[in-house]
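Trainee: Could you take one helix pair in this structure and examine its packing closely? I would appreciate a connected account with the criteria stated.

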Amino acid sequence: MVSLFRDNLHTFRAYMGNGFLLLLFLAALIFLNFTEKSIRKRILMVYVPEVILVLFFLPPVRSLFSAILDEGDTYYRLLWLIPMAVITCYAIVRASASHYRVGLVAGAAIIALTGSLVYRNQNVMKAQNAYHLPQHVIDIVDVIAPAEGENRVRAAFPSELVHFVRQYNTDILLAFGREMVEPQWDYYHPVYEVMEKPDEIVAHDLIEATRAQECRYIILNEARPIDRDLESYGFELLDTIAGYKIYEDLNLTR
Amino acid sequence: MSFFSIVKLIFWLFFVPLCTGLIPYRFLPLHKRGVSIVLIAGYLTLFALFEIVAIPCMLMIVYHSFYTCANIYTVVALVAAGAGVLVSGKEFVRREKKELRVRGIRQRDREELFYWFLFVCIVAVQLYMAATNLFFDGDDAYYVVESLLAQQAGVMNTILPYTGMSTTLDIRHALSVITMWEAFIAYRTGVHATILAHTVLPLAFLPLTYLVYFQIAKLLLTNRGQLVNTVNTNRSKKEPPHMILRPVFMILIAVFMMFGNVSIYTPETFLMMRNWQGKSLTANFVLPLVFWVLLWIGTDLWKGDTSPGKAEATKSFKVRLERYMPFIFLALVNMTAGICSSMGVVLAAGLFGLSILFIAFAKKEWKLLVKTAAAFVPSLVYNILYVAL
């Protein structure tokens with residue numbers, strides 16, 4: 001029970017980030033608690049959120065959530081039931097109704113100062129194309145993609161590219177995909193083991209694994225050390241794009 | 001993207017939902033009617049219809065199930081849109097023309113217009129950023145590829161998106177057919193599913209979310225004792241009219257959305273960074289809609305107390321039907337929750353169930369629970385399928 005409560009606390013902290021918007025929300029909740037006269041609004045914006053907050057911290061609720069939905073790592077979504085944005089903004093509007101111009105400027109400024117601008121997120125960058133995928137992935141896939149009517153091809157991509165390849169072209173099958181990259185899943189895959197885990201790739205092991213998987217192409221990051229060149233094993237270097245070498249296994253082509 | 005693709009996108013993402021939304025429009029109370037609610041109702045109806053078409057296709061058809069699903073749904077959606085036009089197309093045009101005359105730009109307060117302009121500018125910036133920035137999210141390797149596989153290979157969740165291996169139905173994800181709906185739009189418009197998800201859908205889903213918040217604002221910010229929307233010409237210095245406060249509220253909401261990225265878990269982060277995914281629609285479309293329906297029910301209930309013609313009004317079939325409308329919307333929202341995420345069904349039920357208990361208790365209106373139970377029948381069927389499969 002105590003550990004479940006700690007988990008809840010941890011989830012709550014992770015959800016709230018720096019905690020300033022939470023403080024703003026709590027202030028809004030308290031303000032509405034004392035000033036809101038409409039019963040329907042009190043129910044929906046004070047009582048129900050308060051009950052949900054209490055329920056969130058109860059360990060049996062987490063157990064029930066995991067049992068029903070078969071997952072514990074999404075418990076934070078229970079907090080989605082509290083319309084924090086609506087409650088906070090409504091309270092600002094109500095609190096400053098008679099001076100709404102000041103309220104608007106001050107409210108927007110407080111939200112901006114206490115919150116975090118989404119466009120500053122490290123996962124946001126300028127799109128290079130309409131697919132919103134890294135351009136070099138598209139260029140690499142264009143080199144190895146089968147022509148119309150040809151069979152699909154399998155390729156081994158470095159883990160930093162696997163998210164994007166099939167978002168562009170599903171005719172490329174992957175030796176391993178995103179399921180190998182997420183550390184919490186901890187799956188095993190023979191190609192991933194020899195391609196991504198060692199500090200220096202052993203070419204012989206890599207080729208053995210990719211041939212067993214019928215991978216026609218291997219894409220290697222130039223920065224990754226490898227003990228021997230793949231060309232000495234019957235591979236052809238098709239191209240080098242943005243620091244990635246594209247090899248084709250001629251043994252599988254024939 | 002060709003000119004024809006853009007025209008088709010406007011057709012499927014704006015025109016068809018607008019026309020379909022005209023079906024429930026006819027049965028809405030007069031003061032609720034408007035373009036925004038028609039669009040919301042249109043999307044809800046189309047999502048619900050898609051769920052009815054897509055899930056049987058996915059479960060019962062082995063080969064090229066998506067193409068069959070797409071063909072059936074095309075007919076269903078076009079029939080729904082046509083029915084909407086027939087049912088209340090004329091009335092909608094007539095009423096909206098009248099609204100423009102009575103409450104058009106010229107009739108509005110300059111300050112109110114300024115705030116709306118400010119709000120539109122903020123949303124325009126958000127749309128520009130959404131269309132021109134790459135928001136990396138690992139889950140796209142699953143959801144977007146599911147849509148692309150449907151578009152390119154005609155399969156519905158039977159190929160593992162990560163690698164391309166064949167697989168059995170992963171029911172947890174498969175019942176959430178929003179990926180297939182996106183594939184349908186991609187298939188019909190000829191736009192690559194990834195371009196659709198990353199560049200086009202944010203331009204539809206972000207405004208759609210704000211339309212829901214606008215509906216919430218309309219119910220939250222009414223002049224004291226006044227629940228019907230009217231232009232307030234008698235502005236008091238102490239109490240500004242709700243027509244001014246609504247855009248102020250919407251600006252704050254838009255700012256909150258932009259600065260709500262305090263962690264990767266908040267609905268605001270989901271809205272701004274991956275609004276094409278079902279879980280974002282759950283957090284930013286379904287749950288706000290549940291809140292709106294609750295507000296609507298609450299407003300009707302408390303208004304009913306003071307309504308002088310209550311006894312007479314309840315005799316009228318139309319008024320009685322109007323009283324059922326929030327529950328009809330709730331049923332549609334529940335079906336939309338199912339198409340978005342299996343968890344969405346549970347979350348929507350949880351929020352609504354808890355809130356309606358409070359409302360029923362406060363008003364001693366226990367019949368509400370029966371109406372609520374009826375509105376949750378689609379969710380029940382969905383959950384039975386989820387467990388059985």
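Mentor: The account below begins with conventions, turns to the helix pair, and ends with its surroundings.

This is a predicted model, in which local features need pLDDT of at least 70 and side-chain atom pairs count only at pLDDT 80 or more, while totals for chains, interfaces and linings use all residues. Residues are numbered from 1 along each chain as its sequence is written, and chains are lettered from A and ligands numbered from 1 in the order in which they are written.

Two packed helices are described by the angle between their axes and the distance between the axes. Here the pair is helix α2 (residues 20-35) and helix α5 (residues 84-95), both of chain A, whose axes come within 9 Å and cross at roughly 60°. Helices are DSSP runs of H or I with at least four residues, strands are runs of E with at least two, and both are numbered from the N terminus. Axes are lines fitted to C-alpha atoms, for helices over the stretch in contact, and angles run from 0 to 180 degrees between N-to-C directions. α2(A) and α5(A) are therefore oblique to each other; angles under 35 degrees count as roughly parallel, over 145 as roughly antiparallel, 65 to 115 as roughly perpendicular and the rest as oblique. Their crossing is left-handed, that is, the near helix is turned anticlockwise from the far one by less than a right angle.

From α2(A), the residues Leu24(A), Phe25(A), Ala28(A), Leu29(A), Phe31(A) and Leu32(A) meet Met84(A), Ile87(A), Thr88(A), Ala91(A) and Ala95(A) of α5(A). Contact requires C-beta atoms, placed from the backbone, to lie within 7 Å. The residues of this contact divide into ten nonpolar, one polar and no charged. Ala, Val, Leu, Ile, Met, Phe, Trp, Tyr, Cys and Pro count as nonpolar, Asp, Glu, Lys and Arg as charged, and the others, Gly among them, as polar.

Phe31(A), found in helix α2 of chain A, merits separate mention. Leaving aside neighbours within four places in sequence, Phe31(A) is in contact with Ala91(A) and Ala95(A). Phe31(A) counts as partly exposed because it has 18 C-beta neighbours inside 10 Å; 20 or more would make a residue buried, and 12 or fewer exposed. The C-alpha atoms of Phe31(A) and Asn151(A), 120 residues apart along the chain, are separated by 65 Å.

As for the surroundings, chain A has twelve helices and six strands. Of its 254 residues, 38% count as buried. The C-alpha atoms of chain A fill a box of roughly 80 × 45 × 35 Å, taken along the principal axes.

Conventions: Two residues are in contact if their C-beta atoms, placed from the backbone, lie within 7 Å.
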